[in-house]
Structure formats: structure tokens, C-alpha cells
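Welcome! Have the model open beside you and try each exercise before you read its solution.

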Amino acid sequence: MRTRITETIARPALLAAALVPAAGMWLVAVDAGGHGSLNRWLLVVLVGAPAAALLAPLAARLAARPARREATALVALAAAVATTLGALAAGALDGSGALAPGRGLLLALAVTVPVAAVALAWRPAPAAAHPADVGASPAQPADAAPPARPARRAGGTTRRGFIQIGAAGSVAVAGLSRVIPAAKAQPVPFRLTITEGDVVMEDGTPVFFRGFRATDAVKDVPSIPGPPIGNTGPGVKGREIFEGDEVQIVVANSTPREHVFVIDKGDTEAPSAPLFDPVTIGPHETATINFTPHEAGSYIYRDADRNNRLLGMYGAFIVMPAGGSGALLPYRQEAPNLPIRTELRSQHAWILSDVDPVLGELARVQRRTSKIDYPLTKVLPRYFLINGETGVEATRNEELTIPVIPLHVEGAAFAGVLIRCINTGVATHSLHWHGNHVFIVMRNAVPEREGLVFEKDVQRIEPLQRIEVILPAHTGFEAFPPLNQNHPKVKEQHFPMHCHAEMSQTAAGGSYPFGMLTDWHLVDSEQTAVEVRQRLADERRDGRQPVSADQVQAAIDERAGNSGPGGGDGKSGGSNGSGSSGGSGDQKSSSGKGDGKG
Amino acid sequence: MAENPVTGTLKLPNQHNVFNCVLNESQFELMFPPQVGRIETFGFVTDEADWEAKRNDPALMAPGMPLGIGELRKFKRKVFVSGKLVMPDGVEIRHWGFEDENGLKTIPSSPIRVTAGDLVQVDLQTAKNRHTIHHHGIEPDMDNDGVGHTSFEVLGHYIYQWRPHLANAGTYFYHCHVNTTLHVQFGLFGGLIIDPFEPEPKGPGKLPFADAKEEWRYQHERIWVPYAIDPRWHTLHHLAGFCLEDAGLNSFDPKYFLLGKHPQHPDERPIIGDAEQPVALTMPAGETAYLRIIQSTYHPVEIDFGALGQFIEIVESDGRPLRTEISLTGLPGAEVPTSIPWNDWPPKRITPAERYGLVLKPTVPGVYPVHFTFHHWVSNEVLGHMNTEVTVV
């Protein structure tokens, strides 16, 4: 807990104490007109500094979970009050006459506020609240000491909170994720804060969410999805949780309404096999939840109310099997579980979600309402996310979402990638892998039974369901000429994964394929994997550059100019046939990406 | 039918404010993938003589493929947009499709049926707009996978080439992967069946896949394609929803429910089908039928076989046999095909783009109704249903 004390109590206390001499100097200089000022200043500091150190942590408790701005105000206030107290005491002691407490306080604040603001803001903050920015930082356990481990060689160095906790000991090299359970860890709390706010969608629309953020997040906006608890993949790795570990989750509710926190093994709206009794957290209250998960698998932590979940109150909770001797496998290799004979190369979590902005607007104006009345028959999701992103970002997110897998070699130590598909949404999704079929190995934290294996290219996943699949990463056996060393593109093959309930491939009613879409890359070697990850990271960064309006318009014109309504023959569209074909002649400007001729 | 205001705005191609979208580079690349007018397929097999040489070239064999087998199979799929389908209430629905090499224009588009080991060439001709063909469930190289952002969209002509592996006989489908949400619903899809390579059949009928149990050899077959039509979508422009335009493509609200091209009549009569697309099945007791189900629409479908369920086993899904073990090599290892009785498979729901292969071995004569029910993907409400029947004599 030492880190926690340092972070949460000592830092504001020290800062507040340090502010007292500065404020005291100003106060004494202005108030005492110069006589006996050094002695008086010393008195002020002597009384004020300890008072400030005591007051600051107390003041910090005024807010359920102060974000940076609130913390600044509270520290400054504590220091100012302490300085004023010191000045009052000094006035009484040296008999120079009492100063007006109100005036003193204002004078002290004039110094403490700006200094505290500067002192607490020294950490650089990200520029914009994109869901991925906040979504990626794990619910950070308190003893977040940076572990000594090999640096990630590619791609993992963006501004994302990249925290790997040493307690459980894990190795992350070039996307390889192996888990080595260490001695049983003390229950270090995972800290979440319930909050609300706008998150900007792919088309620029701000949508109001209720959600969770890491309690020590730098911005007070919901993380979509909530911060992961446990190991959700190579890009972001929180402290891993193993079967039998004691887990403590501290949930602060910064909203003026009640919420109910639940983790359920089942997939029904009303919890059928909760890991602990659902916990009600009152407005501005904090709940500490202790429990011990006994079954490995993927779970969803969430608000018990469906609409609150649809508003963004969900996150992944991942439990690794105990006794695995460090092998990355989703469950214990014992009867009657379906055996997985080879250790897996890495794991990813794909947290699927649906977004209905209308519900968000209801939530915006019903801040005190815990359960918003919005029946399922009215729900019309308008955005469809994987790990809080749509296709555009998700096809570049090599840290979190996209497997970049070296080709499976017969007899290799590792094979395949475990993908935890977690449907936090309200729609039944239909995940389709191009390039390889996947093996279904686990559903709702229950391993598949030995003796019956489904190898699928489409997997149905209902709301609240979690389905683990293995993407094997073998060559595409239907390529001709085959994908061997003679094939010019054997170095890297690139395939999408998307939901085949095609409504989900849109954003705001259109913009295919800005929906529930991502990619995976099949590469010929570890070295190529490093290169591809680096390229994706670069593209992700550069991809934020705007494209000129002329270039967009030219591309649109080229497509729109091909024909009118009816899709091509100019007949079925009715009266517009001649108009459209007339237009197509001068619209065939090339976009520069192909020969553009029909 | 009222014209969609969105489509109306597209009548004038020079109306620059139709799509007022601001894009970043990532969005631009995903929305405007590379396109080709006419390019050569890598490693294209030009003719029978070329194929004869290549099928005997060890350097051109995928792992596990024997030398010297397979035919060169050429298909033509030309996009048409003039299709019309009349619903039982008299409403005419406009649809698209792929016209086949014999000039047939139907919905779903004509099936592609080949034998494992064949070399398949599907010649896509797109007329004026961009399309692709994704052979769904087939695992070719990415250029032949038919996805714009991982390869290219086709404006003109491209020949997709691939070769089904001996291990992968089964039930697939193919569809356009450009603005897929709209184009598949518009009818740019069809069945894709890969029969196992069996030069000398060991019994009467066909096997569903190479190492299927002999008792699954079938004499009768049906391909059931659940499909539903949202009439509003069929009035949209081919670019509807393009570039931040709201075309309501997140709301699929079907009014007509079909098996293939045959809509369910409101009087609940079972869909019988016709010679081109037979649906209802009549078979003698004691024989075997193989039912292939290809889910081609966007809401989950629940199937109720009633009393017929006791005679049905699931043996295949998504072009892969059910097996006893995982084989991460992608090719069968020590594991063997297995099955699960239909009545022991709790979901009974088939999700969009999923396929199932069912072995039906009825022993008791009778007329068995079969019901397909569409459930809304969010609310789970019943949207509509289709009926057909199996008559065992």
C-alpha cells in the first residue's frame, strides 16, 4: 500500500504544506506592512504547514474521486485555510493584532490556487478524449511499480497508458503473451470510478455515456469500454487474475444516482450466477468489493441495468486458470474440458458494444435517474464498436485489437491466438473471420466438452455472452498458386474480421464499413510481425491527418458519377437514367488509386 | 413506393454537397479502397493444357494435396440490377444479382458447385459500379478474398481464382463485399457448394465431405436459404449511406420472408419451390437426405423441425465437419468427424452468414412441417417466418 499512500495522501499533503510558506510570505508582506515580518512568517509557516498537511487529505475526501481539477482546488483551499490559520495564530502570539480571516483567506488563495494548478498539472494530458485513449488504460491496481522486463520492440509505445504489473510476472515481447503465475498475490484493489460525459463517435457526433474510468485517470470521462481488469491482451496488461486469487474492486460513484455493480457468470440480464452479491453503490459513495473467482474465463463487469450497460457501463474481467505452469491457455487442461494440445501464442479481448445516442440524450437530462425508461423495442443502435473503436481505428489498433501472427509451423512451441469475444451490447452479433476458421473453446467461462469441436467462420454471440475462440494462423489452403515461398505476398496476408449482421457495419446509418470490423495479419516470421506492427502503429498515428476536401470530393464524384440510382444500367432507376449516364462521362476522373476505367 | 429522399439527391452527379464529409486518412483509405478495372490474376491458369501442367507441379500443391486431380472450372458472374421479384401481396421488389454463364438472372444468384481439388475461376464483371466477390468461408490468398480494403474493388472485370482443398468440402456461399450491408440485401449473393473428391463412389449417393461416415452418404439434397426483404432498402441508391450519409442502414426491418426466391404466403401454406429452386422435400423412409442451410440475411433465424428433429444430425457447419479434436494445423490430424443430434443442440438458431449441414434419415412416414422464425437481433421479437415441409413416404 506504500505507493497508494504516496500517491493519494502524501503528494497533496506535501504540496499543500509547501504552498504555505509561499502564501504566508504574500500574506505577511501585504498584511504586516513590513514590521517583524520574518518572525511572523516563520510563525505562519510553523503553524500553517502541519495544518495544511493534515487538511489536504481531509479535503481530498470531500470529493468521491477528485479528478485533476478538483484536486487542484482542494489542495489550494487546504493550503490557503492553513495559511490563514497560521496567520491568525501568529497574530495572536506576537500580539500584532488579528487579521480579518476572510481577507487573509482570499490573499492566501491568490497564491495557492495558481501554484497548485501548475504543480498538479505537470503531467502532460492527452489532447482529445477518444474512446480508445481512455479505454486502454487498465483499472490500475495501486502498487503499479514498473516491472523490469524486455521492452516491447514495436508498436507499443504510443501515448496509451501502457502498464504492466510485475506482481504476477508476465512477459510481453512483440505481442507474445505468456503468463506465469507467481506466488499468490495480496488482494491489491482495482479502482474504478463511475462517471459520465461525452465521447465523440466516428462521424464526429458526441454521444453521452455513463461509464467507468480508472480512478486515477487523468480525464473525467467514461472509458469505452471500461478499464480492463485482468489480462486482456498484449497491448494493455493489467495485473493478471488467476483462479483462487482474492480480488478487491473499489468502485467510486461520482454521480448523483445509485448504481448496481455486478459480475455474472451467466448471460442473462438478471444475474443467474453472480461472482458476488450485486452491490448497490449510492450517489457519491464508494464500495469495496472482495471476492474470489474460482472459474477461469472472460466475464463482464457491468451495471445490472440493461440501459446503463447500453450507456457504456461495462468492462472486461478476465480470470486465468490456476496451475497452468505458466502456459497461456484459457482453462485447465483436464477432463471433461476440450483439450488444447499446444500453448497459445497470445491472447486478445474483443469487447463488442452497441451505442444508441437517443438513450444517451435521455441520460443527459435524467442525471438523477438510476434506471432510464427505454424499452428494448425502442433501442436502435447507431454505432457498433470493438474495444471502443469502429473499423477505421480498429483496423490499425495493433496494440489492443489486431492479431499479427507468424504463420503456424508444424511442431512450433506456440500455435494460434486466443480471442475472447465479449458481447457487452444488446444485439446478437455474428462474427465472421476471413482467412482462417476459428475453433470455439469456451462459452460463458465454461470450457467446451471434449469430443465435439466446432470449427467456424461465423460465430453467433448473444448479448452478455463471452465466447473464446482460437484463431490458428495456418496458411490459406485454398490459395492457388499456394501461399509458399514462391508467392509474392506470402510475407504478409491481411484479412478482416467483421460482424455479418450487416447493420453493424455502419456508423450513423451509413458509412460502410465504419462499424464492428477489425483485421488480422498472417505473416511469415517474427521479424515481419515486428515490422507490420510498427507499420500499423505509424499508420494509426498518420491516419489522423485530414484529407483535403477536394480529394474526398473527387473520390466521391468518381463513384457517384458512375451511374444514377439503380446501380448501373440506368434503366431501373426510372427517369434519372439519362441524367446519370450523361454525368458519368465527365466524372471519370481517376482517384489515383487504380485505373478507374469501367 | 415512396422514393427515398436520400436517393433523390443523387440524381445529379455534379451536386457536390450531396456528401459533405470530412475524412481523415484512415477513414479515406477504408472508404475508398484501391480499385481495378482489369488486372491479371496472379498465377492465372490460362487453359486446360496449362492446368494439366500445373496440377502435376509439386511446387503448386498446397500441403496435403495430391498431384494430378481436379478439373478447371470456369464461372461467369455479371452484375445485374434489373431483377424484380413479386411478393404475395403484389408488391414488386427490385433486386440485383450475378447473372451466370448461362444468362440466368435469379435470386439468390446461381449456385457455384465444384469438387474439392478443382481449380475454380469466377469471372466477375461489374458493368458501371464497383463490386467484388467474396467466397465466404473459402481461404484463398487475400487478393482473391474479395475485400476492398485488404485488396481492391473491381470496376470492370477480375477473375477470382482459388482451389478448394480436399479437406474442406462443405457448404459455403459467395457475395459482394462492397457496401456489403446494402449489396448483399440487394441480392448479390449465391450458394457455394464443394463436393468431396471421390473418383469412385463406394455407395449410392454422395458424401457431404471427404472423411464423412459412410452412413451419411445421401441420395436427396435441399439447399435452404433463409432470406428476408426490407422493401425500403430495395429503393436505395447503390451508394446509399456513403460517406457519413445517414441511409438508415442500421435499421433492417424486413417485411417479406423467403426461402431462396420463394416468399412465405400469408395463408401459411408451406413453400414448395420449383425446379430451379426446390424447397419442400419428398423422400422414402430409410433413405438419407442432406439439408444445407445458408443464412443469408441479417437477423437470427430459429428452426423448428418438430417431430422430424429426431431423425436429424448436425455433421457440418461453415464448411467444416464437426470433429472430436482441435487441429491447429488447419488440416485434419488424428481427430475424426462426429455429429450431434439436432434435438441435443440447444441453440437451434442460425446467425447471419452461418451454414449448417444436416443429415436427415427419417424412418417413420408422414408429412413433417418445418418452421423458420426470424427474431429481431436486438429485441428478439418475432419478425416473421417461413414454412416448408418434408414428406416421408
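The exercises below concern a predicted model, and each one is followed by a worked solution.

**Exercise 1. The overall make-up of chain A**

Task: Describe the secondary structure of chain A, its buried share and the sequence range of its contacts.

Solution: Start with the secondary structure: chain A has 11 helices and 22 strands. Next, turn to accessibility: 59% of its 598 residues count as buried. Finally, look at the contacts in chain A with a separation of 6 or more: 74% of them are between residues 24 or more positions apart.

**Exercise 2. The interface between the chains**

Task: Work out how many residues of chain A and chain B are in contact, how much area is buried between them, and which polar links cross the interface.

Solution: Begin with the residues: 121 of chain A are in contact with 117 of chain B. The area buried between the two chains is about 10,300 Å², and carbon and sulfur atoms give 59% of it.

Then go on to the polar links. The rule finds nine salt bridges across the interface. One salt bridge to look at joins Lys456(A) and Glu354(B), whose closest N and O atoms are 2.7 Å apart. There are also 51 residue pairs in polar contact across this interface, counting pairs with both residues at pLDDT 80 or more.

Now see what chain A brings to its side. Helix H10 of chain A, residues 549-560, gives the largest share, with nine residues. Sorted by class, the side of chain A that touches chain B holds 44 nonpolar, 50 polar and 27 charged residues.

**Exercise 3. Salt bridges within a chain**

Task: For Glu196(A) with Arg257(A), Arg332(A) with Glu243(A), and Arg355(B) with Asp318(B), say which parts of the chain each pair ties together and whether the residues are buried or partly exposed.

Solution: As background, side chains of opposite charge can pair when their charged atoms come close. The search of the whole structure finds 50 salt bridges over all chains.

1. Glu196(A) and Arg257(A) meet at 2.9 Å, N to O. Glu196(A) is in strand S3 and Arg257(A) in the loop between strands S5 and S6 of chain A, so the pair ties together parts 61 residues apart in sequence. Both Glu196(A) and Arg257(A) are buried.
2. Arg332(A) and Glu243(A) also form a salt bridge, at 2.9 Å from N to O. Arg332(A) sits in the loop between strands S10 and S11 and Glu243(A) in the loop between strands S4 and S5 of chain A, so this pair ties together parts 89 residues apart in sequence. Arg332(A) counts as partly exposed because its relative accessibility is 35%, whereas Glu243(A) is buried because its relative accessible area is 12%.
3. In chain B, the closest N and O atoms of Arg355(B) and Asp318(B) are 3.6 Å apart. Arg355(B) lies in strand S21 and Asp318(B) in the loop between strands S17 and S18 of chain B, so the link ties together parts 37 residues apart in sequence. Arg355(B) and Asp318(B) are both buried.

To finish, find the network of salt bridges that links Arg396(A), Glu492(A), Arg535(A), Glu539(A) and Glu29(B).

**Exercise 4. A sheet in chain B**

Task: Find the strand order of the open sheet of five strands in chain B, then its edge strands.

Solution: The order is S14-S23-S22-S16-S20, with mixed pairing. The edges are S14 (281-283) and S20 (349-350) of chain B, each of which pairs on one side only. Inside the sheet, S16 (301-304) and S22 (366-375) of chain B pair in the antiparallel sense over four bridges. To check one position, take Asp304(B): its bridge partner in S22(B) is His371(B).

**Exercise 5. Two polar or charged residues up close**

Task: Decide whether Gln459(A) and Arg130(B) are buried or exposed, and list what surrounds or joins each one.

Solution: Gln459(A) is in strand S19 of chain A, residues 458-461. With a relative accessible area of 7%, Gln459(A) is buried. Beyond its neighbours within four places in sequence, Gln459(A) is in contact with several residues, including His429(A), Trp433(A), Arg443(A) and Thr351(B).

Arg130(B) lies in the loop between strands S5 and S6 of chain B. Arg130(B) is buried because its relative accessible area is 6%. Its side chain makes a polar contact of 2.5 Å with that of Gln35(B).

Note on methods: Residues are numbered from 1 along each chain as its sequence is written. Chains are lettered from A and ligands numbered from 1 in the order in which they are written. This is a predicted model: local features need pLDDT of at least 70, side-chain atom pairs count only at pLDDT 80 or more; totals for chains, interfaces and linings use all residues. Side-chain values use heavy atoms; hydrogens and water are left out. Contact means heavy atoms within 4.5 Å. Buried area is the accessible area (1.4 Å probe) that two parts lose on being put together, summed over both. A salt bridge is a side-chain nitrogen of Lys or Arg within 4 Å of a carboxyl oxygen of Asp or Glu. A polar contact is a pair of N or O atoms within 3.5 Å; within protein, one must be able to donate a hydrogen and the other to accept it, and residues adjacent in sequence count only if both atoms are side-chain atoms. Helices (H or I, at least four residues) and strands (E, at least two) are DSSP runs, numbered from the N terminus. Ala, Val, Leu, Ile, Met, Phe, Trp, Tyr, Cys and Pro count as nonpolar, Asp, Glu, Lys and Arg as charged, and the others, Gly among them, as polar. Two strands pair if DSSP finds at least two bridges between them. Buried means under 20% relative accessible area, exposed over 50%, partly exposed in between (1.4 Å probe, protein chains only).
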